[in-house]
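Welcome! Here are some exercises to work through at your own pace. Take a look at the structure first, then try each task before reading its solution.

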Amino acid sequence: MTKRFIALVDCDSFFVCCEQKVNPELKGKPVCVISNKEGCVVSRSKEAKKMGIRMGEPLFMAKKEHPKGIYIVANHDLYAEISHQVMAKLREFSPLVEVYSIDEAFVDLTGLKRLYKMEYIDLASHIRAKIKEDLDVNVSIGVSSSKTLAKLASDKAKKFDCGVYAINPRFVTEELKKTQIEELWGIGRNLTTLFHKSGIITAYELVSQSDTWLDKKVGIRAREMKHELLGETVSPVSSEVKLPKSIQNTCALGTFTSDINFIKDAINYHIHKGCAKLRRLRAKSGVISVMLRTKDFKVFAEKKVLEKPTCYEWEVSDISFKLLEKIYNPSILYRSSGVIFDDITFDSAEQLFLFSDTEEDSKNKRLAKCIDNIESRFGKNVIKTGFTRSSGPVYD
Ligand SMILES: [Mg+2]
């Protein structure tokens, strides 16, 4: 494979950055985002870090120790939307963008040096400035010739707060001598212990081992890592979107209830969230399950294999309410509900469907597009489909 130039673009304090983007008054303040469930700190602004608020710290503890901190409950829909914008911006530079997580992506820059008439490190700075200018999102970028080195470079960019950091594979030895094994991408606690037991402490000591030794002692992944650390592109950037095996939307009802309307409302909320996600992925689901968890933590669930996969709320709603009838008992109090979408396939696969009702499907597509457009303009969950009632549970 020809030598590649790979960037790892990583958003800085992403959740906090999103909150500051929509509410600029929060800029320059000690802001923390708190996870929904555990109530722990999951993202901190520079000011919050300086104040001494720790990552993963429970909210009650952080508030007690740092009462001046600003604590905001995570809004994952907002983060997903802004992540989408960042990824779209990256695709303006290169078609080869591999979304690694909500706030990280690998971008293959190979060949763009000529197009932009600048060195790769300058191109990375240009991308960084453009994301800041157009989206008001701060990113750190690592550049090198393999994903493993690009990831290491981006960690250094964050560590030294320099925005962009490049590792030239020709001078990689010095960098590897300074890098501890546990700093490497994909090396967890178990592998660290394994390497330490064999006397391998730095990344340089890892690359000094023979392929056979690494294969035998650790496995193929370690050998691949060695070659990536030496600057070879073992794992290329792939823009292929991998579909999730399933989409699970479950949530507490907020109260113990046996009110069928209340439960249906919650089910509809899950359906809408799941269908919107399926459409974002350009996918459909072929198996729908509905789940109810009782006050005593007993779980009741029913599923249906669909004749024709779908990503439309009104179709899933009909199916789900029938499934709900099978598991619902008016004399039981429930604590949570959920809708699970399985057998997820790309929408294009449906073209092979023999009895596809094209007219109806194009109607469905137009209606779904309307809903998605309204939401992207006015915010998530501003529109509801199917069953509605005047008051119901309040969701995040
Ligand atoms: Mg990040």
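Two residues are in contact if their C-beta atoms, placed from the backbone, lie within 7 Å. This is a predicted model, in which local features need pLDDT of at least 70, side-chain atom pairs count only at pLDDT 80 or more, and totals for chains, interfaces and linings use all residues. Residues are numbered from 1 along each chain as its sequence is written.

**Exercise 1. Find out whether serine 140 is buried or exposed, and list its contacts.**

Step 1: Locate the residue. Serine 140 lies in strand 7, where a strand is a DSSP run of E with at least two residues, a helix is a run of H or I with at least four, and both are numbered from the N terminus.

Step 2: Apply the rule for burial. A residue is buried if 20 or more other C-beta atoms, placed from the backbone, lie within 10 Å of its own, exposed if 12 or fewer, and partly exposed in between. Serine 140 has 25 C-beta neighbours inside 10 Å, so serine 140 counts as buried.

Step 3: List the contacts. If we leave aside neighbours within four places in sequence, serine 140 is in contact with Asp10, Asp12, Ser154, Ala157, Lys158 and Gly163.

Step 4: Check a distance. Leucine 26 is 114 residues from serine 140 along the chain, and their C-alpha atoms are separated by 21 Å.

**Exercise 2. Do the same for proline 58: in which loop is its place, and how does it count for exposure?**

Step 1: Look for the loop. Proline 58 sits between helix 2 (46–51) and helix 3 (59–65).

Step 2: Count neighbours. There are 14 C-beta neighbours inside 10 Å, and therefore proline 58 counts as partly exposed.

Step 3: Look around it. Apart from neighbours within four places in sequence, proline 58 is in contact with Gly39 and Cys40. Valine 41 is 17 residues away from proline 58 in sequence, with 6.3 Å from C-alpha to C-alpha.

**Exercise 3. Describe the open sheet of five strands and the helix that lies across strand 7.**

Step 1: Write down the order. The strands run 5-6-1-7-8, with mixed pairing; two strands pair if DSSP finds at least two bridges between them.

Step 2: Mark the edges. Strand 5 (97–101) and strand 8 (164–166) are the edge strands, each pairing on one side only.

Step 3: Add the twist. From one strand to the next, the twist averages 20 degrees, with axes fitted as lines to C-alpha atoms (for helices over the stretch in contact) and angles from 0 to 180 degrees between N-to-C directions.

Step 4: Zoom in on one pair. Strand 7 (residues 139–144) and strand 8 are parallel and share three bridges. Valine 143 stands opposite alanine 166 in strand 8.

Step 5: Place the helix. Helix 7 (residues 147–159) lies across strand 1 (6–11), strand 6 (104–108), strand 7 and strand 8, and runs at about 140 degrees to strand 7.

**Exercise 4. Identify the residues with the most contacts inside the largest nonpolar core.**

Step 1: Recall the term. A nonpolar core is a set of buried Ala, Val, Leu, Ile, Met, Phe, Trp, Tyr and Cys residues joined through C-beta atoms within 7 Å.

Step 2: Read off the core. The largest has 60 residues, and those with the most contacts inside it are Ala7, Val107, Ile141, Val143 and Ala153.

Step 3: Note the second core. A separate core of 22 residues includes Leu253, Ile267, Met291 and Leu292.

**Exercise 5. Work out which strands stand at the edges of the open sheet of four strands.**

Step 1: Give the order. It is 9-12-10-11, and the pairing is antiparallel.

Step 2: Find the ends. Strand 9 (247–257) and strand 11 (299–310) each have a single partner strand, so one side of each has no neighbour in the sheet. The twist averages 15 degrees from one strand to the next.

Step 3: Inspect an inner pair. Strand 10 (residues 283–294) and strand 12 (residues 334–346) pair in the antiparallel sense over eleven bridges. Isoleucine 288 stands opposite phenylalanine 341 in strand 12.

Step 4: Add the helix. Helix 14 (residues 313–327) lies across strand 10, strand 11 and strand 12, at about 150 degrees to strand 11.
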